[in-house]
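Student: Could you take me through one helix pair in this model, up close? I'd like to hear how the two pack and what sits around them.

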Amino acid sequence: MQRGWKFSFHVSVVVASIIYIYFSTVFIYIDHWFGLWTSPGLLNAFVFTFLTAMCVYTYARAVFTDPGRIPSSFIPDVEDADNPIHEIKRKGGDLRYCQKCALHKPPRAHHCRVCNRCVLRMDHHCVWLNNCVGHANYKIFFVFVMYAVVSCIYSLVLLVGSLTIDSPKDDEENESFFRTFYVISGLLLLPLSIALSFFWSWHVYLVLQNKTTIEYHEGVRAMWLAEKGGFLYSHPYNLGAYENLISVLGPNILCWVCPTADHIGSGLRFRTGVDKQAAT
């Protein structure tokens, strides 16, 4: 499902950064290190162009894909034997209901104050996407961050490698221009590579646990309350590392790096540890 979109400063910054990193990597770092029209130069340019194209495509998909809406007809069936777990309010114990949207909340759904609506399996609202990250676009977002990490590290390696090559000296004006270019690129790529690597590692952890960012923070509180009462907290949607990966990235391992989301289902119900135990 596609969504409407309006201008966003943060999205413009991301697009400008991608364009800057691509052209500087191909036409400066690769050209300076290997020579753009040599075999190594063309090979590196082809690989980096592919990575950039995947970044652009997955980013656009993450921006324009609706993260998931609650159907207006949704009503939780408390008598459904196949769905033994229903999330309830912390206070009162009633089934979760959004007063602003006037809709019952399915499991893992939350109201986004920025988008002003409820989002299925909401992870967080991302200003860099101008969109929520939720049920329908979480895998696409995850794959985008992965390609962004690889691209930034690859560009940084090419930048450092090109600095080690002595080339015929140009005039002083050109030399000063390229030195400034390298400094700006280094100040952009180094922190970006580190930040995105940590961010992607965090989401790898969440995927292995089958948690959203919201559920992680809620789980910390639930774990503290459970330990305080002498109980052991267990995340209900944790199916084991491999099944967690499949539930988020899909059953075909070859498609884990592709921005496909045909396996995700409706987003109104998710398998739990209870379902797994019942199937064994």
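Tutor: Let's go straight to α2 and α3, which in this predicted model cross with a left-handed sense. Helix α2 covers residues 39-64 and helix α3 covers residues 138-163; their axes come within 9 Å, with a crossing angle of roughly 150°. An angle over 145° counts as roughly antiparallel, so that's the label for α2 and α3.

As for who does the touching, α2 brings N44, V47, F48, L51, T52, M54, C55, T58, Y59, R61 and A62. From α3 come I140, F141, V143, F144, Y147, A148, V150, S151, Y154, S155 and L158. Sort the residues of that contact by character and you get 16 nonpolar, 5 polar and 1 charged.

Now stay with R61 for a moment, since R61 is one of the α2 residues in the contact with α3. The backbone oxygen of R61 also has a polar side-chain atom of T65 at 2.5 Å. T65 itself belongs to the loop that runs between α2 and β1, the latter being residues 97-98. Buried here means under 20% relative accessibility, so T65, at 5%, makes the cut.

Zooming out, the protein chain holds 7 helices and 6 strands, and along the sequence they come in the order α-α-β-β-β-β-β-β-α-α-α-α-α. Of its 280 residues, 41% are buried. And if you take the contacts between residues at least 6 apart in sequence, 67% of them link residues at least 24 apart.

Conventions: Residues numbered from 1 in each chain as written. Predicted model: local features only at pLDDT ≥ 70, side-chain atom pairs only at ≥ 80, totals over all residues. Heavy atoms only, no water. Axes fitted to C-alpha atoms, helices over the stretch in contact; angles between N-to-C directions. Helix = DSSP H or I, 4+ residues; strand = E, 2+ residues; numbered from the N terminus. Parallel < 35°, antiparallel > 145°, perpendicular 65-115°, else oblique. Left-handed = near helix turned anticlockwise from the far one by under 90°. Contact = heavy atoms within 4.5 Å. Nonpolar A, V, L, I, M, F, W, Y, C, P; charged D, E, K, R; others polar. Buried < 20%, exposed > 50% of the residue type's maximum accessible area, 1.4 Å probe, protein only. Polar contact = N/O pair within 3.5 Å; in protein donor to acceptor, adjacent residues only side chain to side chain.
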